Amino acid sequence: MNRFTIPRDIYFGENALETLESLEGKKAVLVIGGGSVKENGNLDKIQSHLAKANIETKVIEGITEEPSTQLVQDHLGTLNEYEPDWIIGIGGGSPMDAAKAMWIFYERPNLSFEDAMQPFNLPGLRTKAKFIGIPTTSGTASEISNLSVITDSETGVKHPLADFELTPDLAVIDPVMVESMPQKVIAYSGMDAVTHSIEAYVAKPRTTFTDSLAIEALETLDEHLLSSYKGNQESREKVHYAQAMAGMAFANAVLGNVHSMAHKSGPTFEVPHGCANGIYLPYVIQFNRSVVGDRFAKMAKRLELKGDTEEQLVDSLIEWVRELNREMGVPNTLKEFGVSEDLFKEHVDQMAKNAMDDPCTGTNPRETSEEEMKKLFEAAYYGKEVTF
Ligand SMILES: [Fe+2]
């Protein structure tokens with residue numbers, strides 16, 4: 001038996017935000033990032049739509065970094081006092097993931113973080129509030145997914161909280177939200193979406209439902225990501241929907257080693273999530289090709305990359321990822337990103353160990369040993385081809 005779960009409603013396209021006017025409820029907490037959504041007037045727009053639905057709002061702002069258990073704790077009091085019946089995460093992955101985690105502990109104050117970390121083990125939410133995701137970047141698809149990635153403040157390790165209870169009730173994907181997205185964010189979040197498509201298409205729990213979304217998303221990203229990066233607004237809109245499609249795929253097919261490695265190395269090396277994915281992806285494709293070469297070749301064919309044999313097509317897909325990285329200023333190695341060799345050597349063993357515990361490792365198409373995980377990190381640090 002398989003399961004496929006996405007938000008109950010997805011509103012997208014021009015003026016999708018207007019759907020907020022038909023919400024039922026009294027109070028909403030809006031969780032936002034660093035303030036660009038205020039400066040570009042989009043927060044005002046959202047609040048005025050909610051006002052038309054007679055919904056009062058309170059804003060939690062300043063979620064600029066990938067969220068931690070401490071940050072979630074710091075804002076819980078606001079939720080408990082205000083008692084919202086809607087929680088709205090507006091932003092890139094960080095504010096949306098933070099809002100989801102706040103939602104868990106607002107609903108279930110006695111739940112420990114350790115309990116919440118157990119995959120697919122959350123008690124029912126929605127006893128106090130429902131959840132809306134409104135993305136302002138194009139990549140994480142947190143508005144679609146059943147995930148919230150939280151860093152444990154005590155250990156500094158990132159943990160994906162995964163449960164279909166966390167799938168938002170409503171996703172509002174309005175292109176106006178990404179019109180002024182900075183280039184670096186387009187690049188990093190774009191490589192996150194590319195990684196979601198490719199990892200979901202080969203992950204162990206993939207299904208025919210997730211395949212169709214993953215490959216269509218990748219084709220759209222191939223056609224439009226670079227053009228969006230260069231400023232084309234029509235392409236930016238296409239990418240905004242493609243990342244949501246990739247989100248529907250990975251929320252149900254899960255991911256693989258690229259994400260395990262990004263989760264476990266991101267905080268220590270201070271590599272943003274999408275950038276880490278862009279770095280690791282070519283090496284993990286090389287590692288997985290012995291098991292799912294035919295799947296990678298299928299993707300390469302869909303992108304009309306050159307090659308007659310499976311071997312050549314997979315090589316072309318790897319080169320396609322590297323070229324995208326190059327064109328958008330995403331480094332191809334950790335060294336190139338600026339991680340010092342001393343820092344890398346100090347942490348690589350622990351990172352390999354931690355990555356083995358990440359839920360994404362279990363769904364990677366090829367079984368991975370801790371030693372192989374360490375070798376993958378080393379390949380991505382020094383830029384060595386993966387031949388093991
Ligand atoms: Fe991701």
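Leaving aside its neighbours within four places in sequence, with which residues is Y201 in contact? The legends below take up this question and then turn to other sites. The model is predicted, so local features need pLDDT of at least 70 and side-chain atom pairs count only at pLDDT 80 or more, whereas totals for chains, interfaces and linings use all residues. Residues are numbered from 1 along each chain as its sequence is written, and side-chain values use heavy atoms, with hydrogens and water left out.

**View 1. Surroundings of Y201 in helix α6**. Helices (H or I, at least four residues) and strands (E, at least two) are DSSP runs, numbered from the N terminus. Beyond its neighbours within four places in sequence, Y201 is in contact with R206, D211, A214, I215, R295, K298 and M299; contact means heavy atoms within 4.5 Å. Y201 counts as buried, because its relative accessibility is 3%. The term buried stands for under 20% relative accessible area, exposed for over 50%, and partly exposed for values in between (1.4 Å probe, protein chains only). A separation of 17 Å lies between the C-alpha atoms of Y201 and T5, which are 196 residues apart along the chain.

**View 2. Coordination of the iron ion**. D192 (OD), H196 (NE2), H259 (NE2) and H273 (NE2) coordinate the iron ion at 2.2 Å. Donors are N, O and S atoms within 2.8 Å of the metal (3.2 Å for Na, K and Ca); water is not among the atoms, so sites may look incomplete. Along the sequence, the spacing of the donor residues is D-x3-H-x62-H-x13-H. D192 belongs to helix α6 (residues 183-202) and H259 to helix α9 (residues 257-269), so this pair ties together parts that are 67 residues apart in sequence. Both D192 and H259 are buried. Why is the arrangement of the four donor atoms irregular? The angles subtended by the four donor atoms around the iron ion run from 82 to 167 degrees, which makes the arrangement irregular. Four donors count as tetrahedral if all angles lie between 85 and 135 degrees; four count as square planar and six as octahedral if opposite donors are over 155 degrees apart and all others between 65 and 115; anything else is irregular.

**View 3. The largest cavity**. The structure holds one cavity of 30 Å³ or more, and the space in the largest cavity is about 60 Å³. On a 1 Å grid over the protein atoms alone, a cavity is a set of points where a 1.4 Å probe fits but cannot get out, and a pocket is an open set with protein on both sides within 12 Å along at least five of seven lines; lining residues have an atom within 4 Å of a point. Grid points are joined across faces, edges and corners, and a volume is the space filled by probe spheres set on the points. The lining of the largest cavity has 15 residues, and E199, V202, V284, N288 and N364 lie nearest the centre. Two or more lining residues come from each of α6 and α10 (273-302), with α10 giving the largest share, five residues. By class, this lining has ten nonpolar residues, four polar and one charged. Ala, Val, Leu, Ile, Met, Phe, Trp, Tyr, Cys and Pro count as nonpolar, Asp, Glu, Lys and Arg as charged, and the others, Gly among them, as polar.

**View 4. The second largest pocket**. This pocket holds about 220 Å³ of space. T69, Q70, V72, Q73, F105, F113, E114, D152, S153 and E154 form its lining. Helices α3 (69-82) and α5 (113-117) each supply at least two lining residues, and the largest share, four residues, comes from α3. The lining of the second largest pocket divides into three nonpolar, four polar and three charged residues.

**View 5. Residues R126 and E270, each with a positive phi**. Most residues other than glycine have a negative phi. R126, in the loop between α5 and β5 (130-135), has a phi near 65 degrees. The relative accessible area of R126 is 30%, so this residue is partly exposed. E270, in the loop between α9 and α10, has a phi of about 55 degrees. E270 counts as exposed because its relative accessibility is 66%.

**View 6. Surroundings of N354 in helix α13 (residues 341-357)**. N354 is buried, with a relative accessible area of 16%. Leaving aside neighbours within four places in sequence, N354 is in contact with V157 and K264.
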